[in-house]
Amino acid sequence: MIRRASTQLQLTDPLRLLLWMPAVSAAVGLLLLRLLHLSAPVYAAILLVILCFGLLALFGPARLRGLLLVAAPQVYITLLLFSWTTALYVLPDHPASGMVLLAASLHLPSIYVFLFLQWPSSLALRLASLSLALFIGLTLPHAWATRASSGPYEGVGLPLTLLFAHGTLLAVLHSFSRARDELAHEQERSRLMRELAHRDHLTGLHNRRALEDDLAGAAAGFLLAVIDIDGLKQVNDTHGHAAGDQLLQLFGEGFRQGGGRAYRISGDEFALLMPDTSEAQMQARLTAVLMGVRRVFPLAAASMGLARREVGESPDSWLSRADQAMYARKRLARA
């Protein structure tokens with residue numbers, strides 16, 4: 001299933017880490033401003049907003065955490081753009097501006113990762129590319145004005161570095177994200193195919209293959225019931241196969257209720273596997289199902305054989321004992 005951002009987005013470990021990083025960086029930045037006695041109200045305000053946002057997203061009320069988690073990339077990008085613009089054009093000579101530019105350029109990739117974790121790869125790429133384009137666009141006037149300079153955040157090298165370094169990172173993230181999405185889709189397809197292979201299409205119950213798998217994993221003491229529907233051929237011959245299908249579906253719906261696992265293992269044969277129940281309870285369950293089916297098919301009947309798994313018994317032997325008990329009950333009913 002493709003992930004989509006929503007207020008129900010779960011705070012997974014990668015997202016938690018991505019929320020911790022800016023919060024810790026903001027706390028360190030505030031500490032440095034104080035230790036170095038740098039007066040920077042604008043930078044201090046930005047750092048306080050980042051710190052408070054991160055703490056609320058991590059530890060705030062559950063509903064608020066969900067909202068902040070969805071809004072985190074947009075909020076952080078806005079704050080980074082504001083910091084970047086302030087450092088380049090408003091406070092270019094401030095002692096802390098170089099640190100701010102470095103922090104913004106280092107934290108921008110974490111926003112890309114945040115986007116790729118929240119959104120489908122194609123949409124995340126567009127949003128991340130737009131963010132990078134905004135940074136480069138804001139950098140161009142400064143790059144032109146300082147084109148004769150050679151500082152690390154001056155001249156035409158700055159937008160080119162952003163373009164090639166961050167552009168390469170986006171390409172890598174997009175490739176990994178697509179591979180992850182394809183793997184998730186393939187796993188989901190495999191799960192669905194396995195589910196279809198273990199389901200009976202008419203009743204929606206598990207099929208014989210599923211029963212064989214479950215019998216192999218069942219512990220000693222589990223109770224297995226094999227149930228044969230009496231008179232299915234007569235219903236088909238008298239009322240048509242649609243009526244026969246309806247009869248089987250009614251039995252299937254009844255067996256689905258009441259706990260345990262229910263199976264249709266052949267045309268008119270069902271099975272129930274219960275971990276903790278008595279034979280009397282299993283018989284009462286069959287009686288309740290028959291009462292429901294007889295509201296539509298008054299002559300409906302069924303024969304049930306029970307077998308509790310013994311220590312060391314093979315699945316085939318266990319199923320055979322339940323089958324034999326069912327046929328013995330059928331012969332007794334006919335006598």
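Which helix gives the largest share of the lining of the second largest pocket? In this predicted model, that share is contributed by helix H8 (residues 232-239), which supplies four residues to the lining. The second largest pocket holds about 240 Å³ of space, and among the 13 residues that line it, Gly231, Gln234, Val235, Leu299 and Ala300 are the closest to its centre. By residue class, this lining is made up of eight nonpolar residues, four polar residues and one charged residue.

Helix H8 itself has two distinguishable sides. Leu232, Val235 and Asn236 are buried in H8, and they lie on the same side of the helix because the arc they cover around the axis is only 100°. Lys233, Gln234, Asp237 and Thr238, on the other side of H8, are exposed. The buried residues of this helix pack against strand S1 and helix H9 (241-256), and just after H8 a positive phi of about 100° is taken by Gly240.

A similar description can be given for helix H7 (residues 208-217), in which Ala210, Leu211 and Leu215 are buried. These residues are placed on the same side of H7 because they cover an arc of only 135° around the axis, whereas Ala216 and Gly217, on the other side of H7, are exposed. The cover over the buried residues of H7 includes strand S1 (223-230), strand S2 (261-266), strand S3 (269-274) and helix H11 (315-334).

The largest nonpolar core comprises 46 residues, of which Leu19, Tyr43, Tyr76, Trp84, Tyr112 and Phe114 touch the most other members. At least two residues of this core are supplied by each of helix H1 (13-35), helix H2 (41-59), helix H3 (62-90), helix H4 (97-118), helix H5 (121-145) and helix H6 (157-197), with the largest share, 11 residues, coming from H3. A second, separate core contains 26 residues, including Ala225, Ile229, Leu232 and Leu286; Leu232 is also one of the buried residues of H8.

The surroundings of Trp84 were examined further. When neighbours within four places in sequence are left aside, Trp84 is in contact with Leu101, Ala104, Ser105, Phe135, Leu138, Thr139, Tyr153, Leu158 and Leu162. Of these partners, Thr139 is found in helix H5 and has a relative accessible area of 0%, so it counts as buried. With its own neighbours within four places likewise set aside, Thr139 is in contact with Trp84, Leu88, Tyr89, Leu158, Pro159 and Leu162. Leu140 also has its place in helix H5, but this residue counts as partly exposed because its relative accessibility is 45%. The C-alpha atom of Leu140 is separated by 77 Å from that of Val226, a residue 86 positions away along the chain.

The largest pocket has a volume of about 380 Å³. Its lining consists of 22 residues, among which Ser25, Leu47, Ile50, Ala103 and His107 lie nearest the centre of the pocket. Helices H1, H2, H3 and H4 are the elements that give two or more residues to this lining, and each of these helices also supplies at least two residues to the largest nonpolar core. The lining of the largest pocket divides into 17 nonpolar residues and five polar residues, with no charged residue present.

Conventions: Residues numbered from 1 in each chain as written. Predicted model: local features only at pLDDT ≥ 70, side-chain atom pairs only at ≥ 80, totals over all residues. Heavy atoms only, no water. Core = buried A, V, L, I, M, F, W, Y, C linked by side-chain atoms within 4.5 Å. Buried < 20%, exposed > 50% of the residue type's maximum accessible area, 1.4 Å probe, protein only. Contact = heavy atoms within 4.5 Å. 1 Å grid on protein atoms, 1.4 Å probe; cavity = no way out; pocket = protein on both sides within 12 Å on 5 of 7 lines; lining within 4 Å. Points joined across faces, edges and corners; volume = space filled by probe spheres on them. Nonpolar A, V, L, I, M, F, W, Y, C, P; charged D, E, K, R; others polar. Arc of directions from axis to C-beta.
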